[in-house]
Amino acid sequence: MADAAATAGAGGSGTRSGSKQSTNPADNYHLARRRTLQVVVSSLLTEAGFESAEKASVETLTEMLQSYISEIGRSAKSYCEHTARTQPTLSDIVVTLVEMGFNVDTLPAYAKRSQRMVITAPPVTNQPVTPKALTAGQNRPHPPHIPSHFPEFPDPHTYIKTPTYREPVSDYQVLREKAASQRRDVERALTRFMAKTGETQSLFKDDVSTFPLIAARPFTIPYLTALLPSELEMQQMEETDSSEQDEQTDTENLALHISMEDSGAEKENTSVLQQNPSLSGSRNGEENIIDNPYLRPVKKPKIRRKKRILKKVLNSANINFPCPGASVGAAGPG
Amino acid sequence: MPLTGVEPARMNRKKGDKGFESPRPYKLTHQVVCINNINFQRKSVVGFVELTVFPTVANLNRIKLNSKQCRIYRVRINDLEAAFIYNDPTLEVCHSESKQRNLNYFSNAYAAAVSAVDPDAGNGELCIKVPSELWKHVDELKVLKIHINFSLDQPKGGLHFVVPSVEGSMAERGAHVFSCGYQNSTRFWFPCVDSYSELCTWKLEFTVDAAMVAVSNGDLVETVYTHDMRKKTFHYMLTIPTAASNISLAIGPFEILVDPYMHEVTHFCLPQLLPLLKHTTSYLHEVFEFYEEILTCRYPYSCFKTVFIDEAYVEVAAYASMSIFSTNLLHSAMIIDETPLTRRCLAQSLAQQFFGCFISRMSWSDEWVLKGISGYIYGLWMKKTFGVNEYRHWIKEELDRIVAYELKTGGVLLHPIFGGGKEKDNPASHLHFSIKHPHTLSWEYYTMFQCKAHLVMRLIENRISMEFMLQVFNKLLSLASTASSQKFQSHMWSQMLVSTSGFLKSISNVSGKDIQPLIKQWVDQSGVVKFYGSFAFNRKRNVLELEIKQDYTSPGTQKYVGPLKVTVQELDGSFNHTLQIEENSLKHDIPCHSKSRRNKKKKIPLMNGEEVDMDLSAMDADSPLLWIRIDPDMSVLRKVEFEQADFMWQYQLRYERDVVAQQESILALEKFPTPASRLALTDILEQEQCFYRVRMSACFCLAKIANSMVSTWTGPPAMKSLFTRMFCCKSCPNIVKTNNFMSFQSYFLQKTMPVAMALLRDVHNLCPKEVLTFILDLIKYNDNRKNKFSDNYYRAEMIDALANSVTPAVSVNNEVRTLDNLNPDVRLILEEITRFLNMEKLLPSYRHTITVSCLRAIRVLQKNGHVPSDPALFKSYAEYGHFVDIRIAALEAVVDYTKVDRSYEELQWLLNMIQNDPVPYVRHKILNMLTKNPPFTKNMESPLCNEALVDQLWKLMNSGTSHDWRLRCGAVDLYFTLFGLSRPSCLPLPELGLVLNLKEKKAVLNPTIIPEAVAGNQEAANNPSSHPQLVGFQNPFSSSQDEEEIDMDTVHDSQAFISHHLNMLERPSTPGLSKYRPASSRSALIPQHSTGCDSTPTTKPQWSLELARKGTGKEQSPLEMGMHPVASAPLSVFTKESTASKHSDHHHHHHHEHKKKKKKHKHKHKHKHKHDSKEKDKEPFTFSSPASGRSIRSPSLSD
């Protein structure tokens, strides 16, 4: 009696939606489709031997079916648009199904199976009418070189521009001004916030808020913060390293810079503080095996190591002793 | 005669004898240093040393070694227990009961104390008795192996522990330890012969945590794990004979970088700094190449290590085959300013590897040769690397420094010769310290000494040519390397020591020239030359009449006789004249080559062959002279004050190509505020070819001129339009271009110009509003986003500029400074400072340069009365844990506050920091800053100057700084600045008579050392006969050794152990020994704790009692100490006097002279007067003195 239950359910929802019908034709259209899908699901279930199904399961299956069909449609539409058509063809559907992993060859056999149930065609409901968008002005007709089957021009407001006759803000001075004040504001706000939320020191005993200084806090390892470049600086360095410094907004800088490089003095100075010497050299060096005592592995202790080492020390010391006779001969009182 | 050999040896050297005679009766050939436990938590070190020693005299029975701070547990010679005495008179220079407070007295006592342990005189703190069993062995001059077990607990000097207080293991925390010190300071961390002239080979072993690395001298032979695999032992071998003073150590969780160019060179830095290390050391191989090339000599050691550590004692310290640097020298590729500075440090340390480490010196008076050569070759490196301009500029700077210092203090003597130790012969009587020892020198004097040494080397080069100079160096090096490879002939090793006479001999051999007059003038004599020059042009004779006067009567000056070069630039060219400066000739006639004929348009040839067009309209129509220079090559250590007309200075500035001449003319033009000077300076500023440092100083000169011309000045403020043209956008001249520091010259100029501009003042003596706005705009529009380099130094200088613009506040009725009455300009400045200082917390700049500048600026605002004067902010920044540059800047502000506000509280705070701060550098620096900017000086009335302060400072230099020579000398400098040489005026009057007495007596007190030396001598004289007597000496010792089980593990017991040995030592009464006693017993027996060590209990002859007491009395406070003065006073006074009596004629005289004295003193003097020298020896025991408690007369031990 799954069928009955399903239909009853469907009918129930149908009536409910029917009551809404008057209010929203689009809803009605979708509901009708959905009811049909439910019927399909119910019949497939019956076909598979189910006698009854919970409403929730039916709903889930319906949902799945709907998604599947929608996906076929969407995908097929894409394929057809890809080949510059507007209407999907059968081959679009087939490609879509193949793409979705469906074995198309099994489809004819499945369609012709004996125990299939035939359900009545869904009731014809009106295609919901998309509400007419507010139009402003007349759509432009196609120019003569565009075939008429092409889509119409959109509403004029989407492409008509109204030129304003003011210079865009590309003035160097203003930009610099803006950048400077923006940065200053940000810094000010940030430091004030930090000062507000943390301990502060003040230069004036009577007023702690006008010039709040974030309190000095000692570091456990002070040299790290003092010596290591901040992340921001590192980032900057990478940026400026890759892109030439000359790409400055102010073109005058560029001219000046080049002229400076031409002067001999500049060259002399750069040679003085030459930045990284040729990297290739250092790489070549690393390729060779470096024999440095600090890179050698640490030795394992030998058994009774202590005594031996002591002995070794003494031995080596013995060997290295200069001949006493010689030293007396030269430095002694005689 | 071991000790008497010292003086003759020195005499010989002075006479030019090349041979080196050791002051010691033995030769050290090899030393093992093994440190098997280092505890970072407790900051302690445990280890042993083993010295291999060959006696050079038959009856050697006493071996003196150097050791400070170390706790010595036991000494064995050839596996036999040996008795030893530990006696360090430098722990407490003058004794606590002494009421002496004059510096003359102290300096003499201190010099005597240092001499008493000076290894170069064969002395030492540690005196070891050779066991009698070995006497026969010794007589055959056979090898002795001295094995010493020692430990160090919380060393205050010599080894510096850095242990950050964070979570994690010691390695994770970045804890490290390194050796440090001034001159020969190795004795602070292990017993040795701490002399630069005693060379030996080394075996060094350090067992450290497995996560740590121990870096030391010589080759790393192997690294072995301990049994538990938690530690590893680093074994080092140094086969090149090296002085103990050049031995060093650094242990920490270092990151290791093998130099990519030279695989035998290894660099070490603290965790996380590896990228910086890579960049910083990437240049080092070029320095190596340079030195090896000019010296035509390979680097002498088989490896080289650089270690960068935190809290460094000095920025650069060179030791055998390794150098220790401050970690603050590390920098990334973005930093401009630090790069040349760091490279200079690297080059300096490397120069010292050749001369200073590999080649050592014979005695302190030969130090100048080493410092001179290393400084000189470093200068050659500078010339090659940074160019001739930079080099000449540096020489000029160094010359100015030494001249200023010598004129101020009265002379730096490179090669002091000491005859007999008499006061009159003291070559440095103008100084408040003795120059006999490196350890008594003021640090400032020492830096100036180094500066003069390299300048004198340059003078020698001028005389004999650079080629010969380098040949001499090469000769010294090749001699030394031949000697160093003589493994079995230790007598050859003295070839590795350089002496003044040896050096001079090489010079005369190589060059064939006699440089004796030069040496006499600059090396054997102190002082510089002061020339005053002026001229007149005699048109009729066409002669330049030059008058050169000398001032040789002021302190620090000397008379110069000899050639002097004068360069005259005439219309027809530049001409050099060599004048002969003689005794009485002041005037020199110099014929001119050209007639005045300036109508002919012709180019004027310059010195360098260049021909230039000049506008000659400014010059005197009658004279062909453009400018005159005296001693242009700086071949005399001199100061020249030369008078010539302003237009001549201007020509010199514009057209003379030598940077030194330009610098001189800039200085001179300050006195000529005219539009013509302004024009000349502006032209120089604009000239791209001009040396950037000249342009920088032109900025400041221009600012000064503009201020002098303020009423007639036209146009925008000086330099503003120039800066705008050079660094601002064409389209919007008020906005600076985005930073681009690719051209370093422009960078330096861009940094400097605003700082100089801020010094401009208008008619109201205020900084013009226009300038302030300009600087604020520079800050506002500063944009570094596209720059390859960091702008931290630039921003810091902008803050300096803001600070420079501050003028004193107009104060109405001394109102209290509040926000409401804040000047609006100052408000703007304060706004910037606040923002910068706060941003530093979030985005710190390299070396916190911005914070440093902000702190200085805040102090300027305080000082000028805009902001309430308050040291609290600075004190918080001065705390330990801030970056050292910040701390120094903050401390500088506190020092300044102390002076301006005469704050006793702050002075106490600073003094406390001098004693307790963990970082030695900071302590030195505070003393130095206080000396430079003293809260008061000797002739000034100040509420700060009181008796308590005198006592406090006295204690500081007397005993509080015994762990650091340099700190003690710094304290002496401060004392001198505050109170002068004589007794401080703030002390109560009644004791004045006493002062006079003691002041005169200083000559007598001087050789405090004598009792010991005499004891040694006498003993040596008695030696053959003293052997049998001393047999009895050993017996009680060995028997008691068996009886007494002494626990070696604890501090107190080790002291007891020492005192035990001491008792044993002193038991037998031989004439030699009883003489010896006063000196040893009066001084500290406790190796470490300087304060209170002198006061032992009043009565108790038994040493067992003493042991119990020591357990509690270890940290005896000075207060407690004060409870025994009566008991201890007589003894030490007596000791001094007994020493003094050696110079009896002098002495007696004084005692007759001063009869009206305080009772106590009178008593003393009478006392000693009565006794002849024999009785004196027994004298101590008539007082119930603490030291006598250990004497042989103690009842319990007397048999």
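Three short exercises on a predicted model follow, each with a worked solution.

**Exercise 1. Place strand β11 of chain B among its partners.**
State how far β11(B) is covered, then find which strands pair with β11(B) and in which sense.

*Solution.*
- Start with burial. β11(B) spans residues 199–209 and is mostly covered, with 10 of its 11 residues buried.
- Take strand β1 of chain B, residues 26–39. Six bridges link β1(B) and β11(B), in the parallel sense.
- Pick one pair from this side. Gln31(B) has Trp202(B) in β11(B) as its bridge partner.
- Turn to strand β14 of chain B, residues 231–243. β14(B) runs antiparallel to β11(B), and 10 bridges join them.
- Pick one pair here too. Asp209(B) is bridged to Lys231(B) in β14(B).

**Exercise 2. Describe how helices α20 and α21 of chain B pack.**
Give the approach of the axes, their relative direction, the handedness and the residues in contact.

*Solution.*
- Locate the helices. α20(B) covers residues 769–780 and α21(B) covers residues 792–804.
- Compare the axes. They come within 10 Å and cross at roughly 160°.
- Apply the cut-off. Angles over 145 degrees count as roughly antiparallel. α20(B) and α21(B) are therefore roughly antiparallel to each other.
- Add the hand. The crossing is left-handed.
- List the contacts. α20(B) contributes Leu772(B), Ile775(B), Leu776(B), Leu778(B) and Ile779(B). These meet Tyr794(B), Met798(B), Ala801(B) and Leu802(B) of α21(B).

**Exercise 3. Give the domains of chain A and their separation.**

*Solution.*
- Read the assignment. In chain A, domain 1 is 26–112 and domain 2 is 172–227.
- Compare the C-alpha centres. Those of domain 1 and domain 2 of chain A are 64 Å apart.

Technical notes. Residues are numbered from 1 along each chain as its sequence is written. Chains are lettered from A and ligands numbered from 1 in the order in which they are written. This is a predicted model: local features need pLDDT of at least 70, side-chain atom pairs count only at pLDDT 80 or more; totals for chains, interfaces and linings use all residues. Side-chain values use heavy atoms; hydrogens and water are left out. Domain bounds come from an automatic or database domain assignment. Buried means under 20% relative accessible area, exposed over 50%, partly exposed in between (1.4 Å probe, protein chains only). Helices (H or I, at least four residues) and strands (E, at least two) are DSSP runs, numbered from the N terminus. Two strands pair if DSSP finds at least two bridges between them. Axes are lines fitted to C-alpha atoms, for helices over the stretch in contact, and angles run from 0 to 180 degrees between N-to-C directions. Angles under 35 degrees count as roughly parallel, over 145 as roughly antiparallel, 65 to 115 as roughly perpendicular and the rest as oblique. A crossing is left-handed if the near helix is turned anticlockwise from the far one by less than a right angle, and right-handed if clockwise. Contact means heavy atoms within 4.5 Å.
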